[in-house]
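Reader: Hi! I'm new to reading protein structures. Could you walk me through this one?

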Amino acid sequence: MKDVNEKKEAVIASYKERFGGEPLLVKSPGRINLIGEHTDYNNGYVMPAAIEQAAYVAIAKSGSKECRLEALDLEEGYSFSIDDELKPVEIGWVNYFLGVLDQYNKKGLALEGFNMVFSSDVPLGAGLSSSAALECSFGFAVSQLLGHELSLVDVAKMGQQAEHNFAGVKCGIMDQFASCLSTADHAIMLDCRSLEYTSIPCDMKDYQLVLFDTAVKHNLASSEYNVRREQCESGVAVLQKKFEGIESLRDATMEQLDAVKSELDAVVYDRCAYVISENNRVLQAAEALKRGDIERLGELMDQTHVGLSKQYAVSCTELDLLADLAKVHPDIIGARMMGGGFGGCTINIVKKKGLESTVRSVLENYKKVTQVELKHYIVAPGDGATLLKN
C-alpha cells in the first residue's frame, strides 16, 4: 500500500498534468466491521470502523458543461455532459460516480461541469467496501466543490442509493455510513433502523487488527444473500402473529423465537436465532470496548464466526480453515469471517508481540492445505470522509 502522502501527491500531480489548476482533494476510506454481520438488513446493530486505506478524489469545475472522470489506477477515462440523461453504463467503475450525480439530481441540487481524477488503495474484492469509498469520496467532493450544505449522513445515503440504482447491489447503509462518519481510533455503534450512532474508543492496546484475504468469491454470494433475507422475513411473519411490536428480528428475543419454534422450518429457525444472537453480541461488544476488554471482544468474534458458519451458513471451506487456524494459534484471540460470506476476508485480533511470526504461521499453514498464497492486510480504525489540504 502506498504511503498516504504519496497517494495524495500522485492524484494531485495527475490532475495538474491533465487539467492544470488547483483541485479540491477529498478522501473517503474503506471499512472493516468488527462485529454485526447480516444484521443491517434486519434493522439491527453493526460496529464498523473506517480503515486507513481510502479513495482519493481531486476535482475542480471545468468551466463548461463537460465532465471528465479519470481513473488513475486503471489509466481509463470517461467524458459526458452534465446535461446528459444519467443512466448506468457498461464501464463498471463509472456507475459509482454517475449514481451519485443522479442522487444530486433527485434532490434538486444544481450541478456544474467538472474535471476529476481519482485513485484508491482500498483492496478490491476483499470485502472492504472499495465501492463505498468511491461513492462517498465523490459525493463529499461534489458537495464541497459546489457549496451544497449536505451532512455526511446525507452523503452516505446518496452513496447507498447510487449502489442500489446504478451498481445493482441492494446493500445496507453500513458501508457508506462508516466511510463517511468514522473517526480515527474509534468504532461506530450504529443502529441500522434509526441511524443513531455513537463513536466508541477502539484502543486495541497490545493487539493489532489483521485481515487474511482468501481472494475467493464463490458464486453463491448474491443468490444466497436474497434467500437469507427471505428466510428472516418469513421468521418475522410468524413472530408477528404471536407477539406485538415486532417489526423485524431486531425486536425479537430468543425466548420469543423459541415459543414459535414448532411453527418454523428448522433452517428458518437457525437463521433467525443467529440474527437475534448477533444483535446481542454487538451490544456486548460495545460494552467490552468501552471497558477496554479486547479479550472479550475476541471471544464474541469467535462466537459470531460459529454462528455465521453453522446457523446462517454463509461461510465456506477457506474461511472456516482460517478461523480454525486462528483458534489454535495462541497469539490470535479472536477471528471471524467478515462481510456477506462465501469468500473474502477474516478479521483477526492478533498480539502485537510476535505479529510477524503469527502472520507468517497463518500464511504457511493455509498454503499447506490449499496451495494458495494468502494475502493479508494490517488495518487500524481511521477517519471518515475528509477534505485534505493540497
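Author: Happy to! Keep in mind that this is a predicted model. Let's begin with a pair of strands: β2 (residues 45–61) and β5 pair in the antiparallel sense, over seven bridges.

Reader: Nice. Which residue of β5 is the bridge partner of A60?

Author: That would be N115.

Reader: And how many bridges join β3 to β5?

Author: Strand β3 (residues 66–71) is joined to β5 by four bridges, and these two strands run parallel. In one of the pairings, L69 has M116 of β5 as its bridge partner.

Reader: So is β5 mostly covered or open?

Author: Mostly covered: of the seven residues in β5 (residues 114–120), seven are buried. Both faces are covered, with F114, M116, F118 and S120 buried on one side, and N115, V117 and S119 buried on the other.

Reader: Okay, switching to helices. At what angle do α4 and α5 pack?

Author: At about 145°, and the axes of α4 (residues 152–167) and α5 (residues 174–181) are 8 Å apart. Their crossing is right-handed.

Reader: Which residues make the contact?

Author: Helix α4 brings L152, V153, V155, A156, G159, Q160 and E163, while α5 brings Q176, F177, C180 and L181. Sorted by character, the residues of this contact are seven nonpolar, three polar and one charged.

Reader: New topic! How many disulfides are there in the whole structure?

Author: Zero, after a search of the whole structure. In case the word is new to you, a disulfide is a covalent bond between the sulfur atoms of two cysteines.

Reader: Why is there no bond for C316?

Author: Because its sulfur is too far from any partner: the closest cysteine sulfur, in C345, is 11 Å away. A disulfide would need the two sulfur atoms within 2.5 Å. From the side of C345, the closest cysteine sulfur is the one in C316, again 11 Å away and too far for a bond.

Reader: Are those two cysteines buried or exposed?

Author: C316 is buried, with a relative accessible area of 10%. C345 is buried too, at 0%.

Reader: One last thing: where is H329?

Author: H329 is in the loop between α10 (317–327) and β9 (332–338). The residue is buried, because its relative accessible area is 15% and the cut-off for buried is under 20%.

Reader: What is H329 in contact with, leaving aside its neighbours in sequence?

Author: If you leave aside neighbours within four places in sequence, H329 is in contact with T358 and S361.

Technical notes
Residues are numbered from 1 along each chain as its sequence is written. This is a predicted model: local features need pLDDT of at least 70, side-chain atom pairs count only at pLDDT 80 or more; totals for chains, interfaces and linings use all residues. Side-chain values use heavy atoms; hydrogens and water are left out. Buried means under 20% relative accessible area, exposed over 50%, partly exposed in between (1.4 Å probe, protein chains only). Contact means heavy atoms within 4.5 Å. Axes are lines fitted to C-alpha atoms, for helices over the stretch in contact, and angles run from 0 to 180 degrees between N-to-C directions. A crossing is left-handed if the near helix is turned anticlockwise from the far one by less than a right angle, and right-handed if clockwise. Ala, Val, Leu, Ile, Met, Phe, Trp, Tyr, Cys and Pro count as nonpolar, Asp, Glu, Lys and Arg as charged, and the others, Gly among them, as polar. Two strands pair if DSSP finds at least two bridges between them.
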